[in-house]
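Thank you for making the time this morning. I would like to walk you through one structure, starting with contacts between charged side chains and then moving to the ligand and a few individual elements.

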Amino acid sequence: MKSPKFDYVRAGSVADAMTAYAEADGDAVFVSGGHSVVPSLALRLQAPALMIDLSAIEALSGIDLRDGWLRIGAMTRHAQAMTDPLIATHAPLFAAAAPFVAHPAIRNRGTLGGSLAHADPASEFPAAALAMRAELEIASAQGIRRVPADDFFVDIYETAIEPGEVLQAIHVPCAVAGQMVAFDEIARRRGDYAMVGAAVQAVSAGEGLQDVSIAMFSVGNRPVRAASAQVALTGRALDAPAIAAAQAALADDLDPPDDPQFPASMRLHLARVLLGRVLAKLETAA
Amino acid sequence: MNIEIALTVNGETVRETVEPRTSLADLLRDRLRLTGTHLGCEMGSCGACLVMLDGAPVHACLVLAVQADGQKVETIEGLNESGHVSDLQAQFHDRNALQCGFCTNGMVMSAQALLSDNPRPSRAEIRDALSGNYCRCTGYEAIVDAIAATADRRAGIGETVE
Ligand SMILES: Cc1cc2nc3c(=O)[nH]c(=O)nc-3n(C[C@H](O)[C@H](O)[C@H](O)COP(=O)(O)OP(=O)(O)OC[C@H]3O[C@@H](n4cnc5c(N)ncnc54)[C@H](O)[C@@H]3O)c2cc1C
Ligand code: FES
Ligand code: FES
């Protein structure tokens, strides 16, 4: 289908974008890569009066190290996450997740900021951000605030970004010595949204695993931190009994819904199988 | 609202006035009559509409013409005239890697991008690169063969198809 009519403005700055939104009385949509917005317009799922293009705003691009954090501009394309050396070193779960996101041509346009702001619960980057304990830099008329990923994802397609606010950047704490990561998902076809997915980060230290961080996705209305599974692994060597304990603990962390494709029990089963695989990959990476 | 845009299409500067909702694909097909860019799903799923935007393949159904203002677009007509894909085209032809031809534009775009990033891809890598391109006719096998054979030829392995 074709999109309904709308007006268009290419914002030169974040302030301009927020002003344009306010002047349209909120009957507007921000666009970055446009690969979620444009299909939704073509399908006539929304019909805003104004599209505000964020892609030319300089403050939203660039990737740099600042005080122990990697700042990744919201406009960073999925494809860049696969090739950027700073992301590979300091935000490795974004690099690991990117090949699972859609298809090559979509990755040339889709942005990290757009993916996080869109907050599809079956999306890869939101889970990677949660597992890396990223913080999201949001601009509003009142100023700039940083929201931890644990508080950012609120519900299906809903985040801590209020209407008219702009996600400017993603801050990821720099990798520490001994840090291991692994990412995987189960999908019916390459490039599809996951049936279930897992992003894991941990530090291997003398006294066993530390700083274990596990984010599961496509298991509910937002990416979910598997807190019980994290506890089950902390301080232990990464061996078969520890992995089994983490898999068992997932029942306390996840409460997947029944859905038309398959029952909740199957999703929990798949999540356990996948967590086992991902932890085994961590092991070999160590 | 109408917006004036200027972009480079196949090396030529094009000035047009468009509604913001006009997709790059509609601009190319309806205004510029470059109908080698096909439209199937108009939602990013089928890959029939791929064009090169500043050198990288993108879905022309998901890029608005206004977003392409100031950028360089290359369509299959441009690639064809440049001769840069003539070996790929010959392999597609030789191996029956197209039947109705609806998907072929996108297949050639994806293949060309793959081979410029990764000149010696495995068959699995070729399949991965085509994950966003649907073909309802060939069963894909001949397409993968054609791309693998082109990679071999470009690396100087095997005979050239005339
Ligand atoms: C065929 C197809 C397959 C796909 N498969 C996958 C997949 O497997 N996994 C996956 O995760 N994604 C997938 N996607 C989605 C794709 O990755 C999107 O590009 C991405 O989710 C959104 O990024 P974008 O830059 O295109 O955002 P846009 O479409 O531009 O925006 C998305 C939403 O975020 C808002 N927004 C964007 N930027 C900002 C900002 N800086 N501040 C505030 N709000 C903002 C917009 O208003 C909009 O509501 C697929 C898309 C298609 C078309
Ligand atoms: S028409 Fe663009 S992907 Fe199908
Ligand atoms: S040749 Fe008909 S769709 Fe591919």
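Let me begin with A:R190 and B:D128, whose side chains form a salt bridge in which the closest N and O atoms are 2.6 Å apart. A:R190 sits in the loop between β11 (179-186) and β12 (196-205) of chain A, while B:D128 belongs to helix α5 (residues 123-129) of chain B, so this pair joins two chains. Please keep in mind throughout that what you are looking at is a predicted model. As for their surroundings, A:R190 is partly exposed, with a relative accessible area of 38%, and B:D128 is likewise classed as partly exposed, at 26%.

A second pair across the chains is made by B:E19 and A:K5, again a salt bridge, with the closest N and O atoms 3.3 Å apart. Here B:E19 lies in the loop between β2 (12-18) and α1 (24-31) of chain B, and A:K5 lies in the segment before β1 (7-10) of chain A, so this pair, too, joins two chains. B:E19 has a relative accessibility of 24% and therefore counts as partly exposed, whereas A:K5, at 58%, counts as exposed.

Staying with charged side chains but moving inside chain B, we find B:E16 and B:R31 meeting in a salt bridge, at 2.6 Å from N to O. This pair links distant parts of the chain, since B:E16 is in strand β2 of chain B and B:R31 is in helix α1 of chain B, 15 residues apart. B:E16 is buried, because its relative accessible area of 18% falls under the 20% cut-off, while B:R31, at 41% relative accessibility, counts as partly exposed. There is also a network, in which salt bridges that share partners join B:R123, B:R127, B:E141 and B:D145. Over all chains, a search of the whole structure finds 18 salt bridges.

Let me turn to the ligand. Where does ligand 1 lie with respect to the chains? Ligand 1 lies between chains A and B, and of the 32 residues around ligand 1, those that come nearest are A:F30, A:S32, A:T111, A:S123 and A:E124. Sorted by class, the shell around ligand 1 holds 15 nonpolar, 14 polar and three charged residues.

Which elements of chain A each supply at least two residues of that shell around ligand 1? They are β2 (28-31), α7 (112-118) and β10 (166-173), and α7(A) gives the most, with four residues.

At the level of atoms, a polar side-chain atom of A:S123 lies 2.5 Å from an oxygen atom of ligand 1, and an N or O atom in the side chain of A:H78 is 2.8 Å from an oxygen atom of ligand 1. With A:Y193 the partner is a nitrogen atom of ligand 1, which lies 3.0 Å from a polar atom of the tyrosine side chain. Taken alone, ligand 1 exposes 970 Å², and the protein buries 91% of that.

A:E124, which I listed among the residues that come nearest to ligand 1, brings us to helix α8 (residues 124-131) of chain A. Eight of the eight residues of this helix are buried, so α8 is largely enclosed by the rest of the structure. The buried residues of α8(A) run from A:E124 and A:F125 through A:P126, A:A127, A:A128 and A:A129 to A:L130 and A:A131. Just after α8(A), A:R133 takes a positive phi of about 55°.

Strand β10 of chain A, which I mentioned for its part in the shell around ligand 1, is also the place of A:H171. A:H171 is buried, with a relative accessible area of 6%, and its side chain makes a polar contact with the side chain of A:R146, at 3.5 Å.

Finally, let us go to the surface, where A:L43, A:L45 and B:M43 form a nonpolar patch with about 290 Å² of accessible area together. A:L43 has its place in the loop between α2 (37-42) and β3 (50-53) of chain A, and A:L43 is partly exposed, with a relative accessible area of 37%.

Conventions
Residues numbered from 1 in each chain as written. Chains lettered and ligands numbered in written order. Predicted model: local features only at pLDDT ≥ 70, side-chain atom pairs only at ≥ 80, totals over all residues. Heavy atoms only, no water. Patch = residues over 30% accessible without salt bridge, like charges linked within 9 Å, V, L, I, M, F, W, Y side chains within 5 Å. Areas by Shrake-Rupley, 256 points an atom, 1.4 Å probe, with all protein chains shown as cover. Salt bridge = Lys/Arg side-chain N within 4 Å of Asp/Glu carboxyl O. Buried < 20%, exposed > 50% of the residue type's maximum accessible area, 1.4 Å probe, protein only. Near = heavy atom within 4 Å. Polar contact = N/O pair within 3.5 Å; in protein donor to acceptor, adjacent residues only side chain to side chain. Nonpolar A, V, L, I, M, F, W, Y, C, P; charged D, E, K, R; others polar.
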